[in-house]
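The exercises below ask you to read a multi-chain model step by step. Keep the sequence and the 3D view open, try each task, and then follow the worked solution.

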Number of protein chains: 4
Amino acid sequence: MKRIGVLTGGGDAPGLNAVIRAVVKTATNDYGCHVLGIKNGYDGFTMPGGVFPLTAADVRGILPRGGTILGTANRGNPYARKVIVNGKEEVIDVSSDIVQAIKDQKLDALIVIGGDGTLRFAHDMFLRGIPVVGVPKTIDNDIHGTEVSFGFDTALNIATEAIDRLHTTAESHQRAMIIELMGRDAGFITLHSGVAGGADVILIPEIPFKLETVARKVLERRAHGSSFSILAVSEGARPIDGEVTYNRPGDQVFVPRLGGIGQKVGEYLESAGIETRVTVLGHVQRGGTPSAFDRWLATRYGSSAVRVAAQKHFDRMVALMNGMITDIPLLDAIAIPKRVDVNGDAVMTARGIGISFGNE
Amino acid sequence: MKRIGVLTGGGDAPGLNAVIRAVVKTATNDYGCHVLGIKNGYDGFTMPGGVFPLTAADVRGILPRGGTILGTANRGNPYARKVIVNGKEEVIDVSSDIVQAIKDQKLDALIVIGGDGTLRFAHDMFLRGIPVVGVPKTIDNDIHGTEVSFGFDTALNIATEAIDRLHTTAESHQRAMIIELMGRDAGFITLHSGVAGGADVILIPEIPFKLETVARKVLERRAHGSSFSILAVSEGARPIDGEVTYNRPGDQVFVPRLGGIGQKVGEYLESAGIETRVTVLGHVQRGGTPSAFDRWLATRYGSSAVRVAAQKHFDRMVALMNGMITDIPLLDAIAIPKRVDVNGDAVMTARGIGISFGNE
Amino acid sequence: MKRIGVLTGGGDAPGLNAVIRAVVKTATNDYGCHVLGIKNGYDGFTMPGGVFPLTAADVRGILPRGGTILGTANRGNPYARKVIVNGKEEVIDVSSDIVQAIKDQKLDALIVIGGDGTLRFAHDMFLRGIPVVGVPKTIDNDIHGTEVSFGFDTALNIATEAIDRLHTTAESHQRAMIIELMGRDAGFITLHSGVAGGADVILIPEIPFKLETVARKVLERRAHGSSFSILAVSEGARPIDGEVTYNRPGDQVFVPRLGGIGQKVGEYLESAGIETRVTVLGHVQRGGTPSAFDRWLATRYGSSAVRVAAQKHFDRMVALMNGMITDIPLLDAIAIPKRVDVNGDAVMTARGIGISFGNE
Amino acid sequence: MKRIGVLTGGGDAPGLNAVIRAVVKTATNDYGCHVLGIKNGYDGFTMPGGVFPLTAADVRGILPRGGTILGTANRGNPYARKVIVNGKEEVIDVSSDIVQAIKDQKLDALIVIGGDGTLRFAHDMFLRGIPVVGVPKTIDNDIHGTEVSFGFDTALNIATEAIDRLHTTAESHQRAMIIELMGRDAGFITLHSGVAGGADVILIPEIPFKLETVARKVLERRAHGSSFSILAVSEGARPIDGEVTYNRPGDQVFVPRLGGIGQKVGEYLESAGIETRVTVLGHVQRGGTPSAFDRWLATRYGSSAVRVAAQKHFDRMVALMNGMITDIPLLDAIAIPKRVDVNGDAVMTARGIGISFGNE
């Protein structure tokens, strides 16, 4: 193994830099291998200066830093890329250009750090002849085949600390405090931080809720002497009955922003006579220094990905299983997204300690 | 001095418990004095069980805790209290009842920890014969006569850490990140945390801004190679030109909530082709464990208030001046609210390091 | 199930209160069961007032708090308890008294939260007729059969943050910085936080080291332009060659204190011309608010222990396996302590990114 | 003003990078002035490559980072510099070389960020013709003429959080917990964080203590039902009676290390039958990201120093007075070091809330 590439795709997650650093250090120290960094996801291959040597000196000091020194793509799907041709927007397939550009680099392996979409394209590239190894990146914990990925633990700590802070002010003032958290399709962050922070109500995408049930829960708590309630709400949580429009008209892609579900729930509670305040934590959850666990996991992923590549085990993704690092077929990871098991131990535990999911 | 009372009024601020603890410990240790806790602000005096002995054992372990063990009032102004009489809401003046109830307690001093409204009523009570000593509580730093009060430093740390986290994700994704912070009328939290967190644009109530100036600044940064921008926005910031309606129709009192100024600015930026994300930090800024400085200041305030009371210096408020604790007439503190000096050293410093206030 | 007891034994670990809270809430909500708290470990059974009702109100607000509201034993082994009889110290077996006192309580189950020693006694008690369920408590991660237990993640975060802070000051001043961390027999905290914090040398009990190898590594880094080095050292790390006496003469029990291995290594480095500073983090690692993960795990443990008890699965311990909560025989957990696998993936990863274990 | 230099001298303090950044940004934006960075304190002037252009791009992203991008001197006093001449160590005066090298740079101003020693040499340089402006750097808060400097607040937060963590574990285990903190000659960090963290005993250099008084305090607390005690001890605290040797024989310079005063006190307490644990926080207090206040203050200092230089007010130091930035003669700052006022309001407050200084 003489020459490998590494890229990061999709949204930010604390720990990306730790993976990159471990890839560079392991490849250099253990395999005497040359590493190329690719800028802005797959697009770097077709950009001037988008492929550049990455040395131990380049990764010095990046372990505790959020973000990614490589940047990530934001030009969208390579199969349907919007470009301006003669002043008009057209949608074209640039995937062949990218595959050819990768082949031109004559890499012994390409390590792709990314989420569902990025890994899906990695699998396609393997089918088209590129020796890929995947590293799962999912702050929402929605990739199958791995217990968890880096970034999730950091997001949990941030969300839980925010809920802790809301507790004291809720207690002093007899209010309902709503905190809207990340999770369009998977409620793991909200479920885990809601339990860890002592929320009274948890609303997640996997369990459609009734607004009146939520209000009843808050009023019941009040009747039992608990003057305040904390509600942890995933951005993707939805009422059973009726529509929530939280996007601009015409949006193709979900854009979490103000006016979302947290506000809807808040307005309902206020209409039921409950003084309410709303926090939208937003991208604060995705940034900043990774937790110790996330750095540890990201480092092991990066090192392990290099070892998997050295063994020529391509089309595979490194994964955490029972506390150990292993690797699984990329297809297994992307076949079906992971969701909260609504009948599982975690939800049962939450209900057991008195938390409402708004559907009782 | 045999018998003093202590109460907390108004919004939550980290450090309230530290003041209460210092009052109890100092009064007990240094003066052999009995302390009474008053529940829920002034209302405790007229509530069953609202006045109760507060001992060293009661304040054990509360130093690092946010909130207030005494609770704060949320029944509003004693001069215009809404009550239900024969099924109808009436507005009555309950101030005389409260003053009489305080007199019945035969206190040698009443230590009142609160903001503008609470201190104003304290001064009125003094004029009606109650021996009051004030402790300023203002998370927004809007009380005159004291350099700062407890809670502000904690709020700054929370806001600055949030801005730090937004930095990494903004850098990776080429976006404008807006963070809406506390400050209806005074922009200190936004100004200080914006500078400390490295914001590019700071919008505060004291400096009306133009939306197009804000967008131009972001686009100029982009033209100079800075793909991202961070905007720190006070909840009370307002455009020069035009109305922002952020409250429910009919609101008498400002209720910070979703749909506020952060969203307005975000919508404008998106309409100018700038991808934008918004965080509304909300009450997260008011809660949780106080910073070291806030505990230190709150403890000194509490101890000092007892000493001021022992010297029978009533109608005064403890204050921080040049790093020392002193006391000033209550009237001086409440006469005029403190605001950011728009021509002062702090704003000049911010402009000097390249920050825009949206009015250039 | 009508009546269960819960106790905490051994050293402090962040998350104990979260387990207690989950036990009380789950037993009360899901089983209508009465819970008794036992003070100071097993000793509470034979102490006046040592067994008392524990209600939902008692566990309110304890989720984010370190320590244990029940206290832990510090009177030592029930089989060899030191007591003063007629002015002389005698060693007696008090285990039968304790077992009888437990039987007198007519508990349907006793939930025992503790480490190796506490769980070992729990198994003995089961053999003597007590219906026990164990919950593993090990901040060092040295209990078999569970991936990890609560407290470990919190300790990691604290240790990693301390290493982060040492980095900047080491960089500015061209020094070796030693940080002595918890771990008498197991090096997990030092290994994980050393990797997460970017340490250059990691010394753990499982891998005896040579002082000259450690100094050589620091000097080699210097020769390659890295002016500083960070050394993460377990309190139980030992040189291959020669004795380190770190206890008072006559100590029966290890008492981690100043003058330990961190200092020894520091003195050696200084004798080799390397300016060195030492931090001993000590009990700071065991205290304070648990991390989100630890609260989540502790809550699941507590709830699960109640369910295991309700199913009358005694002599078992709840455990985390592959991210799920399960239960295993107590004997399996206590048969053999868990240690860092010196040939495993984790150590290999650390070596791969250039970390020395001082035995190369 | 066309060309200014900036250097950092002495020990690390969180906020150095924030000053450098503000100097560069303000000089560039407001004065169109060229900034030179000087490496490793004054030594940069006489080192190859030690003087280099510092642009806005160089200071991007350094605001939240601890340490200093310029490095600090560690070759000691320019008046008595140890050098190796013909294989022998000699002590020579290199100050004239440095002054000449500075003159050769033809700077319009030299901004010197440093502590007592660095500022003293700055004043000497002014007398020898160099246009200097000082910025006070003292994590210990021991420089006169300024309320406080950057770094102190960060150190306080770190120390206070560590004391918080010791509380929970002390409570669970009935122990005395000692924490040794920075402060060789000035006890501000220990006093402020001891009060903020709720310590029971505070030992500082300004107040010599008796070991038996310390032990008596702990035993009295025990007699009154407080099973634990927290002792915050400055590294420079000393008993009234008798010697504490904490350095290697022959040390010319104080080297805080293990075996210091924390251990001495711990050994005494254990000999008095009190189980004790010791934490030595060490350089953890000097590193890592600065607090919001320290960034804000450091930024104002940096901007202000440039304005003072532009007005040709040399031989002066920027300072914080009553919350405002001002400037004072360098001589006033270095004439006499600042110490805790043993009869002042702060110590009185601490005693009033029941804290012992070990000299009662």
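**Exercise 1. Decide whether A:Lys106 is buried or exposed, and describe its backbone and its place in the chain.**

Solution. Begin by counting neighbours in this predicted model: A:Lys106 has 8 other C-beta atoms within 10 Å. A residue is classed as exposed if that count is 12 or fewer, and A:Lys106 is therefore exposed. Next, turn to the backbone, where A:Lys106 shows a positive phi of about 50° although it is not a glycine. Finally, locate the residue along the chain: A:Lys106 sits in the loop that lies between helix H2 (95-104) and strand S6 (109-114) of chain A.

**Exercise 2. Carry out the same analysis for C:Asn322, and then look at the corresponding turn in chain D.**

Solution. The backbone of C:Asn322 has a positive phi of about 50°, and C:Asn322 is not a glycine. Its place is the loop between strand S12 (316-321) and S13 of chain C. The neighbour count is 12 C-beta atoms inside 10 Å, and because 12 or fewer is the limit for this class, C:Asn322 counts as exposed.

In chain D, S12(D) and S13(D) form a hairpin with two residues between them, and D:Asn322 in the turn has a positive phi of about 50°. The two strands, S12 (residues 316-321) and S13 (residues 324-329) of chain D, run antiparallel and are joined by six bridges. Within this pairing, D:Ala319 is opposite D:Thr326 of S13(D).

**Exercise 3. Work out the strand order of the seven-stranded open sheet in chain C, and explain why two strands have a side without a neighbour.**

Solution. First write down the order, which is S3-S2-S1-S6-S7-S12-S13 in chain C, with mixed pairing in this open sheet of seven strands. Then look at the edges: strand S3 (51-53) and strand S13 (324-329) of chain C each have a single partner strand, so one side of each is left without a neighbour in the sheet. From one strand to the next, the twist averages 30°.

For a closer look at one edge, take strand S2 (residues 34-38) of chain C, which pairs with S3(C) in the antiparallel sense over three bridges. In this pairing, C:Ile38 has C:Val51 in S3(C) as its bridge partner.

**Exercise 4. Find which residues have the most contacts inside the largest nonpolar core, and list what C:Ile111 touches.**

Solution. The largest nonpolar core has 456 residues, and those with the most contacts inside it are A:Ile111, B:Ile111, C:Ile111 and D:Ile111. Taking the copy in chain C, and leaving out residues up to four places away in sequence, C:Ile111 touches C:Ile4, C:Gly5, C:Val6, C:Val23, C:Val133, C:Val135, C:Ala305 and C:Ala309. As a general background, nonpolar side chains tend to be buried together in soluble globular proteins.

**Exercise 5. Determine how chain A is related to chain B, and describe the side of chain A that touches chain B.**

Solution. Start with the superposition: a turn of 180° and a shift of 0.0 Å along the axis lay chain A on chain B with an RMSD of 0.0 Å. The two copies are thus related as by a two-fold rotation axis. Then examine the contact, which takes 37 residues from chain A and 37 residues from chain B. H4, helix H7 (261-271) and strand S11 (276-280) of chain A each supply at least two residues of this side, and H4(A) gives the most, with 10 residues. By class, the side has eight nonpolar, 21 polar and eight charged residues. Since 100% of the interface residues of chain A are also interface residues in chain B, the copies meet through the same surface.

**Exercise 6. State how many residues chain A and chain C each give to their contact, and which pairs of chains have no contact.**

Solution. Chain A gives 36 residues and chain C gives 36 residues. On the side of chain A, H8(A) gives the most, with seven residues, and the division by class is 13 nonpolar, 15 polar and eight charged. No contact joins chain B and chain C, where the closest C-alpha atoms are 10 Å apart. Chain A and chain D likewise have no contact, and their closest C-alpha atoms lie 10 Å apart.

Terms used
Residues are numbered from 1 along each chain as its sequence is written. Chains are lettered from A and ligands numbered from 1 in the order in which they are written. This is a predicted model: local features need pLDDT of at least 70, side-chain atom pairs count only at pLDDT 80 or more; totals for chains, interfaces and linings use all residues. A nonpolar core is a set of buried Ala, Val, Leu, Ile, Met, Phe, Trp, Tyr and Cys residues joined through C-beta atoms within 7 Å. A residue is buried if 20 or more other C-beta atoms lie within 10 Å of its own, exposed if 12 or fewer, and partly exposed in between; C-beta atoms are placed from the backbone. Two residues are in contact if their C-beta atoms, placed from the backbone, lie within 7 Å. Helices (H or I, at least four residues) and strands (E, at least two) are DSSP runs, numbered from the N terminus. Ala, Val, Leu, Ile, Met, Phe, Trp, Tyr, Cys and Pro count as nonpolar, Asp, Glu, Lys and Arg as charged, and the others, Gly among them, as polar. Two strands pair if DSSP finds at least two bridges between them. Axes are lines fitted to C-alpha atoms, for helices over the stretch in contact, and angles run from 0 to 180 degrees between N-to-C directions. Copies are superposed by least squares on the C-alpha atoms of residues with pLDDT of at least 70 in both.
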